[in-house]
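Here's a short set of exercises to work through with the model open in your viewer. Try each task yourself before reading the solution.

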Amino acid sequence: MAVGATAGGTVAPTTLCCGPYAIERLRIAAFAAALGDPHPAYTDPAAARALGHPDVIAPPTYLAALAGHAEDQLLRRQPASVTVEGAVHRAQTLRHARPAHAGDTLHATVHLTATTLAGRPLLTLDCEFRDEAGARVATTTSSLLCPAAAPRPARRPLDTTESDHP
């Protein structure tokens, strides 16, 4: 069954708007600490202002965590035949128009495209973040290689004598 199609004839969305995501100083600081990145622009408003920002900025990968949330919301709305259980996260890119700042309220629009690779579903999720004025802040793209729809044939034993010995 294709992405977006369901057995009952309804159509699952391939695009979903998510948010709002409030960008907060404490969450930015916790994320930067988890990364081990001591840059003062992530925790000190004066340091961020000295660099020309209105408030502390989020590390570039901060939006990848928010994108994951939006992607999960869209994937949960897909038919049961579209499964990401056992999927391999192939790649992720982030393209920033500007840093996310504390005080921003962002909205995400995530779009799902499905193709195949080596007979397996390949899902591409594009997630665009915009601020309250509608200006683009960043876009992330994730690629997931899902398990094959049909199970692989059973492997034949290497020992064709059917003995009990290894």
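**Exercise 1. Decide whether D55 is buried or exposed in this predicted model, then find its polar partner.**

Solution. Start with the accessibility: D55 has a relative value of 12%. The cut-off for buried is under 20%, so D55 counts as buried. Next, place the residue in the chain: D55 sits in the loop that runs between helix 2 (45-50) and helix 3 (62-76). Now look at its side chain, which makes a polar contact of 3.0 Å with the side chain of R25. Finally, list the neighbours. Leaving out residues up to four places away in sequence, D55 touches R25, P45, A48, H101 and A102.

**Exercise 2. Write down the order of helices and strands along the chain.**

Solution. Count the elements to begin with: there are three helices and five strands. Then read from the N terminus, and you get β-α-α-α-β-β-β-β.

**Exercise 3. Work out how strand 4 pairs with strand 3 and with strand 5.**

Solution. Take strand 3 (105-117) and strand 4 (120-130) to start. Their pairing is antiparallel, with 11 bridges, and A108 lies opposite F129 of strand 4. The two strands make a hairpin with two residues between them, and A118 in that turn has a positive phi of about 55°.

Now go to the other pair. Strand 4 and strand 5 (136-145) are also antiparallel, over nine bridges. Here L125 has S142 in strand 5 as its bridge partner. This hairpin leaves five residues between the strands, and the turn residue with a positive phi, about 90°, is G134.

**Exercise 4. Which residues touch the most other members of the largest nonpolar core, and which elements feed that core?**

Solution. The core holds 34 residues, and the ones touching the most other members are L63, V110 and F129. Two or more residues come from each of strand 1 (15-22), helix 1 (25-35), helix 3, strand 3, strand 4 and strand 5. Helix 3 gives the largest share, seven residues. For a closer look, pick V110: beyond four places in sequence, its contacts include L16 and C18, A70 and L74, and L125 and C127.

**Exercise 5. What share of the chain is buried, and what share of its contacts spans at least 24 residues?**

Solution. Of the 166 residues, 34% are buried. For contacts, consider pairs at least 6 apart in sequence: 68% of them join residues at least 24 apart. To finish with the surface, the accessible area is about 10,000 Å², and carbon and sulfur atoms account for 57% of it.

Definitions and conventions:
Residues are numbered from 1 along each chain as its sequence is written. This is a predicted model: local features need pLDDT of at least 70, side-chain atom pairs count only at pLDDT 80 or more; totals for chains, interfaces and linings use all residues. Side-chain values use heavy atoms; hydrogens and water are left out. Helices (H or I, at least four residues) and strands (E, at least two) are DSSP runs, numbered from the N terminus. Buried means under 20% relative accessible area, exposed over 50%, partly exposed in between (1.4 Å probe, protein chains only). A polar contact is a pair of N or O atoms within 3.5 Å; within protein, one must be able to donate a hydrogen and the other to accept it, and residues adjacent in sequence count only if both atoms are side-chain atoms. Contact means heavy atoms within 4.5 Å. Accessible areas come from the Shrake-Rupley method with a 1.4 Å probe; for residues, only the protein chains shown count as cover. A nonpolar core is a set of buried Ala, Val, Leu, Ile, Met, Phe, Trp, Tyr and Cys residues joined through side-chain atoms within 4.5 Å. Two strands pair if DSSP finds at least two bridges between them.
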